[in-house]
Amino acid sequence: QDGVKYDQYGMEVQSKKIKTEMQDGRLVFESEDSDYKIWLDGRVQADYAGFFGVDDDYDEIGNGASIRRARFAVKAQVTRNWYGEFDIDMADGTAELKDAILRYDGIKNVEIQVGNFKENFSMQRNTSSRYLQFMERPMVTYLAPSRHLGANIKYSIPLIWASAGIFFQEIAGLEEVTNVQDNNKDYGRGTGESYTGKLVLRPLHKYNDMGLHIGGAVSYRTPKSTDAPSDFGGVRYSARNSTSINRKKYVDTDVIKGVDHSLLYTAELAGHYKGLRVETAYIGSTVSLKDDSPMVNKDNKNFGGWYAQAGYLLFGGQQRYDYGGAKYNRVQRGQKWGDLELTARYESIDLNDFDGGVYGGASEAYALGMNFWVNNNVKFMLNYQYNNNDRYANGKGKLLVGHDAAGKPTKDYTKVTESKGKAGIDYSMVSLRCEIVF
Amino acid sequence: QDGVKYDQYGMEVQSKKIKTEMQDGRLVFESEDSDYKIWLDGRVQADYAGFFGVDDDYDEIGNGASIRRARFAVKAQVTRNWYGEFDIDMADGTAELKDAILRYDGIKNVEIQVGNFKENFSMQRNTSSRYLQFMERPMVTYLAPSRHLGANIKYSIPLIWASAGIFFQEIAGLEEVTNVQDNNKDYGRGTGESYTGKLVLRPLHKYNDMGLHIGGAVSYRTPKSTDAPSDFGGVRYSARNSTSINRKKYVDTDVIKGVDHSLLYTAELAGHYKGLRVETAYIGSTVSLKDDSPMVNKDNKNFGGWYAQAGYLLFGGQQRYDYGGAKYNRVQRGQKWGDLELTARYESIDLNDFDGGVYGGASEAYALGMNFWVNNNVKFMLNYQYNNNDRYANGKGKLLVGHDAAGKPTKDYTKVTESKGKAGIDYSMVSLRCEIVF
Amino acid sequence: QDGVKYDQYGMEVQSKKIKTEMQDGRLVFESEDSDYKIWLDGRVQADYAGFFGVDDDYDEIGNGASIRRARFAVKAQVTRNWYGEFDIDMADGTAELKDAILRYDGIKNVEIQVGNFKENFSMQRNTSSRYLQFMERPMVTYLAPSRHLGANIKYSIPLIWASAGIFFQEIAGLEEVTNVQDNNKDYGRGTGESYTGKLVLRPLHKYNDMGLHIGGAVSYRTPKSTDAPSDFGGVRYSARNSTSINRKKYVDTDVIKGVDHSLLYTAELAGHYKGLRVETAYIGSTVSLKDDSPMVNKDNKNFGGWYAQAGYLLFGGQQRYDYGGAKYNRVQRGQKWGDLELTARYESIDLNDFDGGVYGGASEAYALGMNFWVNNNVKFMLNYQYNNNDRYANGKGKLLVGHDAAGKPTKDYTKVTESKGKAGIDYSMVSLRCEIVF
């Protein structure tokens, strides 16, 4: 019975009866009035990727396997208006803190939260790894902020979704916190701040089987103290080729030193109709230097990229949009045995700013995928991807990207003799993910 | 139904029906006879701190934010007499083991436990971080032992509380265990031992709305192998200025080498009356060197400090003392919307032993706080603090603490020209904690 | 009630009523049809070990204590045919990923699983640490593979048990993943592969109070990228003296470089009759070098060892064999207060291959133990062990193993003057484990 008990010290103990249910494959503990609700959220993703077709003269690419994610979370609606979350990842055996949240939702249509969580900037970045259309997000989303420590306010009705927040450093693993603490201890450096705002419209919200998401976001960001003390005050963008197995970061600006701030911006358009889901976005960044920056070229640096992707459920399933999160959700499968989703993507990232004197490289990739949605808990993903890197995408000068006049492979793009579009590292990937959530 | 089932191998499986309840905001699984009871214990604390008023000539102090604690624990009364616990912290993204306990409580009023847990020495140190009056414990509690691996026996009746234990090394994160293993592997060094005893009297235990805690403890400690092999056999005391954001350790004895043992001692007095809770304690340490210590001055080194603090619930709430733990507990809020607690503290630590040739610095701090106890799960803490460090508190010679004869800032206290009480680093802090437990 | 609900977006939510039970000391959440079943699995093991009897001229051995395991796992049968698992260890404060599993068991008598889990090779290695007869497995099991990332298929009926799998690198903690990533990034190296098969016969499966396990396994293994880049392509075997407290690795082949593959093989025989359980196994390894190996002696290297152990429950308890796992399980205690198990073991490992030019050392140990099985959750283990290492067991040249012609202690086995069987490090250990599971 709900009510009040007394403990051994005569102190009153509030108690409520809790019912236990499996809801959509999750274990949920919930009070009759639903004011109190706790659920567990576990996730295991085991990946394999193989690579082929790279020029024999260039650097080898290693096949491999990975526990891409091993997550355990407790999510708790502790009263009608307060919510908390604890979420860790043991991917490949290393512990990282993911969501650590305190949220107040006592104002209608509004959520205020503090802690460590994803900034509301990029739809693709904020989509749960369980509901991605491809195994890895496109390269350009690595310009977009992921989880940071901060505070955010969100307003959401079906038509309009708006979010604004202030954020400090990234909380992830040992390296980040060591840098923050060393920067603070030895140099008295603050953590840096970011201001991120986003607005999304969903004009088709009244329809059940279709939807449209038109969004835009900006983020003003000062350098963070998660960088090593020697790199503090800088900004560096780099990305792997949309895989976590091949660890080479082909495109890499190296550290741009003496940064005053960077301004990120994005525009995104997504929609669904029955089994079809499409999504495209451009993400850009303008990095502004301080007057006393040690960089020779003190112009602003501009980087950016985009992607367009689509998925279609072949056996009658429905795509589902999460209006509260302004992102896509788990599909509704069309068959008792599940459903198959066919996906395609084109993506591009450009970390070259020739005027700004940055030759970070550019890269594009074409991908095809097949997702087997078995049930609420199990999913398999099979991806084929072709990567095309340009001659500047040499991993900060460490990778062979062409041949010089003597026909010898070279890492130096100034010596490459191949014609435009022929230099740079191109290859194919086949990858597989096995996923279970519980 | 309770009873015995048989599994597929014909083996009997004991089973008991378990009821699920929310008790004081916690999810609790409990058998009808209460012999079996498991509960989860999650905690997220997000902190921010800003600093101001430091002399412009001195080292900068960095503002910052932190996930101060992100805890997940499972606590299990597995039979009437046996209890176990698993507790981890992911604070700022780094994994640490907290409580890992096996306990027997089959003897009336007695608890015997082994594993990793807090030594019963300092009331303030043993108070849960959820029930602290200020965001951080006073500096002098960093002389007191926290969690160590060991075994302890406790006797507790309302009037008398007594505890004695033997302890080995500290189990926390990667650094500690690496040192223990290297010391063992390369030098055959044991982990070191500590013997800690405490006695507490609670003369007012018959009153419901008041209480008095009169306690004293001693701890005899040999050097531990958690120190780096090069520092083994030493003792070092250091403390930040009662904040985890400003990482500077102003007071720091550096490693005192060739230590035979240290003797810790404390006296503490605490009490409450309705909404008022007061607490004061002195903690001291005497470090005794070996005859062959490499220290030039082989005298015993004496360090110590004290604090006095009080809190008052403004809106009718009651302070609550935990007789089993001999420490304070969560308050009982006076209003439906919660309660506000006003707090004040003075504290002081002295790591100077001029006779012993140690100039580790001394520091004092004045603090005021306001705690908003929203409900059983949510709490906000706002602290203002003024720190006053002396000229010896230069972080092992790394921090500017005064001006020399030429008017230049200096780290060398022998060159400081300021008069007594004028040198050293003084500044103010404002800090905020947002906390949720579940 | 089981059925379908609708969430705020009009999406259907499948729900099922779950009953909560304590089963054999575990908290289990299970649907009426048992298709959905989740349980928690926590474990704390606190160890102490003391050493004596080592020659005063030799290197000291450090006594010590350890949180040997602090485990937390969630195990989930999410549908009739799919199972998932998340399992971490915080032993001594360092986070490691243990089991991370996705399993399909929709084919009768067959289990297919992917993720991180123990290869089915050695019965002793695969036995849960909760059900070991001694605190630590015998030295030779460190030749056998433990958890690796991979995929496995298993067929099991009472008479026959067969398993085959392909495996990649070991997933454990930070060191392993850093090496894998660096090898991939900087050298394009794959993770390496292993192919492991095992066959077990259980001819007495129709008897309830006795059983026989006759097993054999082979594993073909290429070098893994978990080795540091500078050691890549090598194989190294080393072992402590069947304790985790004394960290010295007396027997150690050092890195054998330029390895093409190693071939592991084992034969094992185990059985039980009422309270008696016996087990013996031989494990061997043949390491084959590449033609361009930098090793001077390019012959195959052969290593191996064996153990024989037995346990007997003194007060009427029964030993229990797990036919699905082909290994031993928790005993059934004979008395209300529990049961005592007396155990004995002889073990031997030989990492010398004189023909192959490897002087890694050989070691043997005699052990006696007493296990107190208190209830389903609590167990105490007391071990006495005598270790006898040979003169080559000098920890890669770092340990004193004899006396030279001048009577001085020496690490160099070529200078040792002791007669056969007299050199090498011999000593005794007494150790204690306190364990609770929940």
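**Exercise 1. Find which residues B:F72 touches beyond its sequence neighbours, and place B:F72 in the nonpolar core.**

*Solution.* Start with contacts, meaning heavy atoms within 4.5 Å. Not counting residues up to four places away in sequence, B:F72 touches B:L40, B:D41, B:G42, B:F86, B:D87 and B:I88 in its own chain. From chain A it touches A:F72, A:V74 and A:F86, and from chain C it touches C:F72.

Next, look at the core. A nonpolar core is a set of buried Ala, Val, Leu, Ile, Met, Phe, Trp, Tyr and Cys residues joined through side-chain atoms within 4.5 Å. Buried means under 20% relative accessible area, exposed over 50%, and partly exposed in between, with a 1.4 Å probe and protein chains only. The largest such core has 101 residues, and those with the most contacts inside it are A:F72, B:F72 and C:F72.

Finally, add the rings. Rings of Phe, Tyr and Trp (its six-membered ring) pair if their centres lie within 6.5 Å; planes under 30 degrees apart count as stacked, over 60 as edge-to-face and the rest as tilted. Ring pairs link A:F72, A:F86, B:F72, B:F86, C:F72 and C:F86 into a cluster.

Some ground rules before you go on: this is a predicted model, where local features need pLDDT of at least 70 and side-chain atom pairs count only at pLDDT 80 or more, while totals for chains, interfaces and linings use all residues. Residues are numbered from 1 along each chain as its sequence is written, chains are lettered from A and ligands numbered from 1 in the order in which they are written, and side-chain values use heavy atoms, with hydrogens and water left out.

**Exercise 2. Work out which rotation and shift superpose chain B on chain A.**

*Solution.* Two copies of a chain are related by a rotation about an axis and a shift along it. Superpose by least squares on the C-alpha atoms of residues with pLDDT of at least 70 in both copies. Chain B then falls on chain A after a rotation of 120 degrees with 0.0 Å of shift along the axis, at an RMSD of 0.0 Å. That is the relation of a three-fold axis. In chain B, the C-alpha nearest this axis belongs to B:A95, 3.7 Å from it. The copies use different surfaces, since 10% of the contact residues of chain B recur in chain A.

**Exercise 3. Decide where the buried residues of α2(B) lie around the helix axis.**

*Solution.* Helices (H or I, at least four residues) and strands (E, at least two) are DSSP runs, numbered from the N terminus.

1. Check the span. Helix α2 of chain B, residues 174-187, has 14 residues and reaches 19 Å from its first C-alpha to its last. That is close to the 20 Å expected at 1.5 Å a residue, taking 1.5 Å times one less than the number of residues.
2. List the buried residues: B:E176, B:V177, B:N179, B:V180, B:N183 and B:N184.
3. Look down the axis, using the directions from it to the C-beta atoms. The buried residues fall within an arc of 160 degrees, so they line one face of α2(B).
4. Step past the end: just after α2(B), B:G188 takes a positive phi of about 60 degrees.

**Exercise 4. Classify the ring pairs B:Y321 with B:Y328 and C:F117 with C:F167.**

*Solution.* The structure holds 72 aromatic pairs over all chains. The rings of B:Y321 and B:Y328 have centres 5.1 Å apart and planes at 70 degrees, so this pair is edge-to-face. B:Y321 is buried at a relative accessible area of 5%, and B:Y328 is buried at 2%.

C:F117 and C:F167 are also edge-to-face, at 5.6 Å centre to centre and 75 degrees between the planes. This pair links distant parts of the chain: C:F117 is in strand β8 (residues 110-118) and C:F167 in strand β10 (residues 160-167), 50 residues apart. Both C:F117 and C:F167 are buried.

**Exercise 5. For B:D92 and C:D254, give the phi angle, the loop and the burial class.**

*Solution.* Take B:D92 to begin with. Its phi is near 55 degrees, a positive value in a residue other than glycine. B:D92 lies in the loop between β6 (82-89) and β7 (96-104) of chain B, and at 13% relative accessibility it counts as buried.

Now turn to C:D254, which has a positive phi of about 60 degrees although it is not a glycine. C:D254 sits in the loop between β14 (251-252) and β15 (259-273) of chain C. With a relative accessible area of 35%, C:D254 is partly exposed.
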